[in-house]
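Reader: Got a few minutes to walk me through this model? I'd like short answers.

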Amino acid sequence: MIARIQELLEEVEHLQASNAEEVEALRIKYLSKKGCINALMADFRNVPADQKKEVGMKINELKDKAQQKIAALKEAAETKDSTADDLDLTRTPYPIALGTRHPLTIVKNEIVDIFSRLGFTLAEGPEVEDDWHVYSSMNFADDHPARDMQDTFFIEAHPDIVLRSHTSSVQARVMERMQPPIRVICPGRVYRNEAISARAHCFFHQVEGLYIDKNVSFTDLKQVLLLFAQEMFGKGTQIRLRPSYFPFTEPSAEMDISCNICGGKGCSFCKHTGWVEILGCGMVDPAVLEANGIDSKTYTGYAFGMGIERITNLKYQVKDLRMFSENDTRFLEEFQAAN
């Protein structure tokens, strides 16, 4: 048996393998339950008593060397496999697919760019907010329906903490720390407790704007919004303002644009009216200015807000809001040319 062990030791010393499959074959041959070394251990009971110590030591030596050798071969094979592509400099390189910005990001950047050229600066704020910045500072009454659980997500352990339902909270934070003139644009994600459908979602994105200075008028607001509409949807775009109500503006209005699909002639998209609503706006209510530390007798201002999904729908005719959050690469690839 000593001679057999010595023969196997020499074999183990010269073992070679070029890949993981060959290493596994060697492991089975020498170290598995039916391998050579286990067979020697099975025959160990037949070794004379005076030779058991020497033979046992030799078998252990053989087993240790076999384990070390096969482990080294396995490591070398894995290293070779992991670097094989790098070493073959003649291979054709893998094609790298170009990514694309999300359509909402494309439209948001375009909106921000338009207003930046008009002197508006970017302002951002937290998505988890307190009741004061989301509602009270914006002149919402204590019993206003927007405070109801049906619309707002409240933090259960802290009833005064909410997921912001509009980015007006950013305007409140800006007014707290700055004195006029203030001219900011506030994009961000907002949350409302609504059923998810093709026309509504529990989260969406807004861009709101705020301008406060001396002698700011509704005419200034109308001119800025007309320029925005024509920059976003084309030079021939017309706008109209309809009276509306918002707690934080007075007077308030909703703005429509002439349908960019039919050119105002009437189609199914605009419900044959020739007009499509895109945003709400108005003059900042004096109560909002005072609540945020700005003298309403000296300063006036206007504010506006729009849904980015709404603008994206109009620009690209995406009819299902859920497509924006499903991460379907086939849908996203359609916007590569828009980057």
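Author: Sure. One definition before the helices: axes are lines fitted to C-alpha atoms, for helices over the stretch in contact, and angles run from 0 to 180 degrees between N-to-C directions. Also, this is a predicted model.

Reader: Fine. At what angle do helix 5 and helix 8 pack?

Author: Helix 5 (residues 103-116) and helix 8 pack at about 135 degrees. Their axes are 10 Å apart.

Reader: What do you call that, parallel, perpendicular or oblique?

Author: Oblique. Angles over 145 degrees count as roughly antiparallel and 65 to 115 as roughly perpendicular, so the pair of helix 5 and helix 8 falls under oblique.

Reader: Is the crossing left-handed or right-handed?

Author: Helix 5 and helix 8 make a right-handed crossing.

Reader: Which residues meet there?

Author: From helix 5, Val 107, Glu 110, Ile 111, Ile 114 and Phe 115. They meet Val 224, Phe 228, Glu 231 and Met 232 of helix 8.

Reader: What else does helix 8 lie across?

Author: Helix 8 (residues 218-233) lies across strand 7, strand 8, strand 9 and strand 10. It runs at about 150 degrees to strand 9.

Reader: On to the sheet. What's the strand order?

Author: The order is 1-5-6-10-9-8-7. That is an open sheet of seven strands, with mixed pairing.

Reader: Which strands are at the edges?

Author: Strand 1 (121-122) and strand 7. Each of them pairs on one side only.

Reader: Start from the strand 7 edge. How does strand 7 pair with strand 8, and over how many bridges?

Author: Strand 7 (residues 239-246) and strand 8 are antiparallel, over seven bridges. A hairpin of two residues joins them. Leu 241 has Met 255 in strand 8 as its bridge partner.

Reader: And what about strand 8 with strand 9?

Author: Antiparallel again, over eight bridges, with strand 9 spanning residues 275-284. There, Glu 254 is bridged to Gly 280 of strand 9.

Reader: Next pair along, how many bridges between strand 9 and strand 10?

Author: Five, in the antiparallel sense. Leu 279 stands opposite Met 306 in strand 10.

Reader: Is strand 8 mostly buried or exposed?

Author: Buried. Eight of the 10 residues of strand 8 (residues 249-258) are buried, so the strand is largely enclosed by the rest of the structure.

Reader: Same thing for helix 7: how many of its residues are buried?

Author: Seven of the 10 residues of helix 7 (residues 168-177), so that helix is largely enclosed by the rest of the structure too. The buried ones are Ser 168, Ser 169, Val 170, Gln 171, Ala 172, Val 174 and Met 175.

Reader: What do those buried residues pack against?

Author: Several elements. Among them are strand 5 (182-191), strand 6 (203-213), strand 10 (300-307) and helix 9 (286-291). Strand 2 (128-130) and helix 6 (131-134) are on the list too.

Reader: Backbone oddities now. Where are the cis peptide bonds at Pro 181 and Pro 251?

Author: One joins Pro 180 and Pro 181, with omega about 5 degrees. Pro 181 sits in the loop between helix 7 and strand 5. Another runs from Glu 250 to Pro 251, with omega near 0 degrees. Pro 251 is in strand 8.

Reader: What about positive phi at Asn 139?

Author: Asn 139 has a positive phi of about 70 degrees, though it is not a glycine. Its place is the loop between helix 6 and strand 3 (153-155). Asn 139 counts as partly exposed, at 34% relative accessibility.

Reader: And His 272, what is its phi?

Author: Positive, about 60 degrees, and His 272 is not a glycine either. The loop between strand 8 and strand 9 holds His 272. His 272 counts as exposed, at 60%.

Reader: Cysteines. How many disulfides?

Author: Zero, taking a disulfide as a pair of cysteine sulfur atoms within 2.5 Å. Cys 36 is buried at 18% relative accessible area, and Cys 259 is buried at 1%.

Reader: Last one. Where is Arg 45, and is it buried or exposed?

Author: Arg 45 is in the loop between helix 3 (36-43) and helix 4 (52-87). It is exposed, with a relative accessible area of 64%. Arg 45 and Ala 25 are 20 residues apart in sequence and 28 Å apart in space, C-alpha to C-alpha.

Technical notes. Residues numbered from 1 in each chain as written. Predicted model: local features only at pLDDT ≥ 70, side-chain atom pairs only at ≥ 80, totals over all residues. Heavy atoms only, no water. Buried < 20%, exposed > 50% of the residue type's maximum accessible area, 1.4 Å probe, protein only. Helix = DSSP H or I, 4+ residues; strand = E, 2+ residues; numbered from the N terminus. Pairing = 2+ DSSP bridges. Contact = heavy atoms within 4.5 Å. Parallel < 35°, antiparallel > 145°, perpendicular 65-115°, else oblique. Left-handed = near helix turned anticlockwise from the far one by under 90°.
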